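Me: I am new to this structure and should like a close look at a single part of it. Please describe one sheet in detail and then place it in its wider setting.

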Amino acid sequence: METARDIIHLAELPPDENVPGEDHQLPELSGIFVERPESVTATKGNNVTFVAKVDSSSLTRKPTMKWVKGKWLDLASKSGKHVQFKEVYDRNTKIYTYEMSIIKVVDGDAGGYRCEVTSKDKCDTCTFEVSVQAVQEEQQDNILESFKRSGDAGDDAGDLDFSGLLKKRERKKKVVEEVDVDVWDILKAAKPCDYEKIAFEYGITDLRGMLKMLKKMKKVEPKTSDAFLKKLEDAYSVDKGKKVHLRVELADPNAPIKWLKNGQEIKPSAKYVFESVGNKRTLTINKFNLSDDAAYECVVGEEKCFTEVFVKEPPITITKQLEDVQSVVGEKVEFEVEVSEEGASVKWMKDGVELNKETAGSKYRFKKDGTRHILIINEATKEDIGMYHALTNGGESKAELQVEDKELEILQSIADLTVKAAEQAMFKCEVSDEKVTGKWFKDGVEVQPGNRIKMTHIGRTHKLLIDDVTPSDAGDYSFVPDGYAISLSAKLNFLEIKIEYVPREDPPKIHLDTSSIGNANTITVVAGNKLGLDVAITGEPAPTVCWMKGNKVVSEAEGRVRVESTKTSSSLVIEEAVKDDEGSYTIIVTNSAGEDKVELMVKIVDVPNPPENVICTSVGEDSGTITWDPPAFDGGVPIKGYLMERKKVSATRWTKLNFDVHESTTYEAKRMIEGVLYEMRVFSVNGIGVSQPSATSKPFMPIAPTSEPTRLMVDDVTDTTCALKWHPPDKIGAGGMDGYIIEYCKEGSDQWVQVNKEPMEMTQYRVKDLPVGEKMLFRVVAVNIAGRSPPATLSQAVTIREIVENPKIRVPRHLRTKLIKLVGEKVNLVIPFQGKPRPVVTWSKDGVLLEDNTVGTRTSQVDTILFIRSVERAHSGKYTLSVQIENMSASADVHIQVVEKPGPPVAVHVAEVWGFNAALEWKPPKDDGNCEIIGYTIQKADMKTKDWFTVLEHNRRPSCTVSDLVMGNEYLFRVFSENICGLSVVPGISKNTAIINKEGMSRNRPPFKEKDVNHSPKFTAPLVDRCVVAGYAAAISCSVRGYPKPKIIWMKNNMIIGEDPKFLMQNNQGVLTLNIRRPSTFDGGKYSCRAINDLGEDEVECKLEVRVAQEKVVEAKK
């Protein structure tokens, strides 16, 4: 025992392997375990319990616990009286407690154990060891006491347990056999299925380390296999969704084979396909997924070979990008991204710092919905401003978050009040956010509630109520919302009533308080608000009040604009003021003592109209400049400035570009992405508020000009022209390229002249009409929608003067030898040449200037073409090309030979006949087709049949001997001449024949009697009953004889099979075949074949059974 352990500790273990039982070496995979089970030494017959605790606070699903003994044994399958499991969940701490109990430990429970916890994409594992020691007790005198029963039901329950006797005998063996054992020798000789048993027997706990060391030792001493010629590879790697082929080669082609996955036998199906070809066996796994990532083995008899197959998941790509988000403080923000597969892992980062559930706390929430992944910020703050990234293993997306202070909109402001003593004063305002609280102030001092003063907050409305108003309540009141730099102010005027004793008649008087109005007798009202103008009136007797707008009297009836009058006052009320309510209003009071009149000016102000004509005037690589016209109506208040927003055309959210108003009507937007279409809109701002958005600008794309063209050079120069060529720019960008502009100027001048009015796409150009002898500079500019690129300029000036170059002809390689053409073919010869100035080109044939109308020539600046649409033999000859510049010239010859098939040989005759031989002679043809005769072909024909047979081919001489002729026959001969075009069309036929005479042989033939072959159809081979497999092509056959040729009819279940594409009917010399493509179970039944002609008919039939593939496999095994 000690020797085996010493050997194991000397083995070189990988750095990531741990020995079970040593807790300080246990790996921390993901920190799911709170408490791990520990290794124990149990006393035989006692109970032992292992406890594992798992923290589920960071898990999205309930964890799954698996207890394993050794390498593969799942203890859940052994659950019962001996092994028991328990699970407890604490809702307060969110901790799962898992317990495994072994009841009455026996020797077989010793060994290594492993517990694994998994929850979706997280997992953790730990190992521990159980050692079993014997009970220390005295020797029992009575051997019958060793025969004890297992179980708790009494003396007669359970099975007999002889472990007491076995234990004593084992001790005796240990005392006798104290010999050092080499465990490695035992393992080398043992079968793999016995490794675990040997490890337990010799106390080896690190099974993985033992297998790795044994594998290394086996590599040093390879062992040949009796069953396998080629085993499985050590490991396979396959992409998710693809198929994988596991192949082995067997020594015995007839040996049965089994395939196992994680120790479980695999049955053939659509997922697993078995193939057998000779001694090769193949397991094909279709549509490989994560559940197929396992260990596989092939079993032949007692031998096995193992492999592991790993799945490679394809990279996860981002199908929908993040979008920039603009929000206000306190609002919820969501970033959404879509990926290519469900269940993919997405990593969120902010400004380079990873966001996860452990570090983010309750600030961030992560949500998955199929392929959608959402990052939720519950309440945005200024600290959340930054760049957010979503990363996968195959892509990345980013977006920017902007958070601004929440703006509070005033829906209704408080209005000035004029009240009398003991009346109630009520200040009322309405804001956009019903959650906003605030404080009321009087002359800068906070108002405290009391018996007379009450403050209410209902929804978005805030009210200050003052009962029994006294002169001390007069003053400036204001409401300040909490958290906002906004103050709503109004004035409370106390109207003191003085009683004076006056004469009986008092002229009317209008008491108008204008102290709170900026301009005398002018009242400003925000459109949509309510105007209530209270005017005190005195006079005795009570005066009559009349309100007028212009020349129209304002009615006292109820309506949007109305007059409310009392004995001492009159009020002009305008509900929801509009622009038409603006104007001059007059109040006239009269009584018997006189008249009083006051004119008031009501001015209606509103938010301005939106700006007009928003257009993009220019773009840059990451910017765009827009301009607009001021609004047609400023709302009656001067325009303070403008607010701008932009968005991508494909997006739905608008992003603010400025938080402070922009006073100019031109704005340059930056930080945009080149090549992406954007839209912009503008808001007008005045003292009242913000206008509606303007009409969206036309989409524009930030782009930059291209880089300069490259490798500009001079290609050719003449007396008045210069040819330039260049390469496209290295950087073109998202704006593409419209073309090039060529410019030139004289050396020493800066006046560039544009050559082409419109951009051209070619990368070469010849500038014409240049002054002779001048030195010129040239440059090329690339143009796109963003403008002109930097110019590409020649480094030095070019002198415009023709360069003399000696003429030179470049004859193509295939024209340097004789050109052979068939009569009627086309000839098209292109021969390039060089020379400056442009040379004079002439063609001649056989030394004579070419003037044939059937031969055409065409010459350009760099080459010349000679073409003949249909050549004739007269076109054969030597063609000479001459190129001349002044007194310099060059020439080249091209030989053309036009050929056709030759004529027939002449004077073909049989010169001599002897025995079974005949000698033929002839003369060459008169027309050889303009080329050499390369041979002759000789044919013979029996005068009886007149069928021609070839005797000799490629015979070069004008004579030959034909042998092996048949005695008694007369033969005729013909000869074809042959050249490179082929055999002559017409042969030369011999003038005489060759007769092979018989010697003393004669026969009287009997008269010929014609036989009657007509008979009725009869099947010589019947149809045979068959059983086929569904999905595989099948065929049934029979044969029939009959004359005249019978008509064949195929029937299924006595129904004629028509032109059904599923069936193919064939008749080959009386052998009849019916092919059935991919039959199904519905194609089974009775098939019959009927043959009919004028003399009768015959019929055969058979039964066809179609079975599914599984039934065929079961039948084959039987």
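Reply: The account below begins with the model, turns to one sheet and ends with the whole protein. This is a predicted model, in which local features need a pLDDT of at least 70 and side-chain atom pairs count only at pLDDT 80 or more, while totals for chains, interfaces and linings use all residues. Residues are numbered from 1 along each chain as its sequence is written, and side-chain values use heavy atoms, with hydrogens and water left out.

The sheet is open and consists of five strands in the order E2-E9-E8-E4-E5, with mixed pairing. Strands here are DSSP runs (E, at least two residues), numbered from the N terminus, and two of them pair if DSSP finds at least two bridges between them. Strand E2 (40–43) and strand E5 (73–74) each have a single partner strand, so one side of each lacks a neighbour in the sheet. Within the sheet, strand E8 (residues 111–119) pairs with strand E9 (residues 122–133) in the antiparallel sense, over nine bridges. In this pairing, Glu116 lies opposite Thr125 in E9.

As for confidence, the average pLDDT (the predictor's confidence in each residue, from 0 to 100) is 83 for the protein, and 88% of the residues score at least 70. Over residues 137–160, however, the pLDDT is below 50, and this stretch has 27 contacts (heavy atoms within 4.5 Å) beyond near neighbours in sequence. Residues 162–179 also have a pLDDT below 50, with 13 such contacts. Where pLDDT is low, the predicted coordinates should not be read in detail.

In the whole protein, buried residues (under 20% relative accessible area, with a 1.4 Å probe and protein chains only) make up 37% of the 1118 residues.

How values were computed:
Helix = DSSP H or I, 4+ residues; strand = E, 2+ residues; numbered from the N terminus. Buried < 20%, exposed > 50% of the residue type's maximum accessible area, 1.4 Å probe, protein only.
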